[in-house]
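Here are my notes for anyone opening this one for the first time. Have a look at the model, then go through the points in order.

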Amino acid sequence: MILIADSGSTKTDWCVVKQGEKLQRVVTKGMNPYFQSEEEIGNEIQTVLLPELKATTFDALYFYGAGCLPEKIPMMQNVLGKQLDVKTIEVNSDMLAAARGLSGKNPGIVCIMGTGSNSCFYDGEKITANVSPLGFILGDEGSGAVLGKLLVGDLLKNQLPAGLKEKFLQQFALTPALIIERVYRQPFPNRFLASLSPFLAQNLDEPAINTLVLNAFKAFLTRNVKQYDHQRFPVHFIGSIAYHYKEILEKAILECGMQLGKIRQSPMEGLAEFHQK
């Protein structure tokens, strides 16, 4: 019996798998060792995950997560080993989860578009090239956090059609001052900004909103994907933003002259198959 975890900045999807059958799925908050302490991550496992898990021991745990850089992997292995009864623990980046979940053992360009964004070239076994995402302040083009940032910036600077600003502030019970507080003074501004991005999906019939999203996706493709061999290999996408804005993403891919591969909301189906093999 194995346990697989796919952790982004917002949520962690846990899946118990036995002989190819997915026995249980549990969702907890995102666990990012780059931003969170061992104590915070351990507390989330202890108070949210463990009470929900039906199984108590596992042969292996495969944890894939945002922020699981090489220097952070020992910390994640330590906290997971303390909280869970498991024989083998393997910690990898969320980028490798996307690659294995989408491309399996075939080469391709793999992209994540969720709260944050990232991309890589995967040769069928390992990641051989990665353009640094740089986070939502310097990069993360096309992500939920950046879409939220662009939306809020345009609304507060009166760059979008009249009425949208008032509609937005009323819908989310926000004021300009409260937005500044949440972005600059409270923790996890990326999560806050990403939580505002559904307003874009609700108003895609507004040409200015549609253009904002399309240009954000084209910026992601231009600044990231074009640095790989995009003319030879398909471009796969994973994440809530890629999934829910599928039609606009397909248009951006077409306008950038790229070959679209798979678009999925989660890599878990592919990961379960990959690890059972």
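1. Start with the open sheet of five strands in the order β8-β7-β6-β9-β10, whose pairing is mixed. Strands here are DSSP runs of E with at least two residues, helices are runs of H or I with at least four, and both are numbered from the N terminus. Two strands pair if DSSP finds at least two bridges between them. The edges are β8 (127-129) and β10 (260-264), each pairing on one side only. Neighbouring strands are turned by 30° against each other on average, direction ignored.

2. A word on what you're looking at: this is a predicted model, in which local features need pLDDT of at least 70 and side-chain atom pairs count only at pLDDT 80 or more, while totals for chains, interfaces and linings use all residues. Residues are numbered from 1 along each chain as its sequence is written, and side-chain values use heavy atoms, with hydrogens and water left out.

3. At the β8 edge, β7 (residues 117-122) pairs with β8 in the antiparallel sense over two bridges. Phe121 has Ala129 of β8 as its bridge partner.

4. There's another open sheet of five strands, with the order β3-β2-β1-β4-β5 and mixed pairing. Its edge strands are β3 (21-29) and β5 (85-93). The twist averages 15° from one strand to the next.

5. Now zoom in on β2 (residues 11-18), which pairs with β3 in the antiparallel sense over eight bridges. Among the bridge partners, Val17 goes with Lys22 of β3 and Cys15 with Arg25 of β3. The two strands make a hairpin with two residues between them, and Gln19 in the turn has a positive phi of about 50°.

6. Which strands does helix α2 (residues 73-83) lie across? They are β2, β4 (57-65) and β5, and α2 runs at about 155° to β5. Helix α3 (residues 94-103) also packs on the sheet, touching β1 (2-7), β4 and β5, with its direction at about 95° to that of β5. For these angles, axes are lines fitted to C-alpha atoms (for helices, over the stretch in contact), and the angles run from 0 to 180 degrees between N-to-C directions.

7. The largest nonpolar core has 46 residues, of which Leu147, Phe168, Phe217, Leu221 and Phe237 touch the most other members. Such a core is a set of buried Ala, Val, Leu, Ile, Met, Phe, Trp, Tyr and Cys residues joined through side-chain atoms within 4.5 Å. Helix α10 gives the largest share, eight residues. Leaving aside neighbours within four places in sequence, Phe168 is in contact (heavy atoms within 4.5 Å) with residues including Leu151, Leu174 and Phe199. Apart from this core lies another, of 23 residues, with Trp14, Leu53, Ile73 and Met76 among them.

8. Asn203 sits in the loop between α9 (198-202) and α10 (207-223). Is Asn203 buried or exposed? Its relative accessible area is 5%, so Asn203 is buried; the cut-offs are under 20% for buried, over 50% for exposed and partly exposed in between (1.4 Å probe, protein chains only). Beyond neighbours within four places in sequence, Asn203 is in contact with Leu164, Lys167 and Ile209.

9. Don't go hunting for disulfides (pairs of cysteine sulfur atoms within 2.5 Å): the structure holds zero. Cys68 can't bond because the closest cysteine sulfur, in Cys120, is 15 Å from its own. As for Cys120, the nearest cysteine sulfur is that of Cys111, 7.7 Å away. Cys68 is buried at 5% relative accessibility, and Cys120 is buried at 0%.
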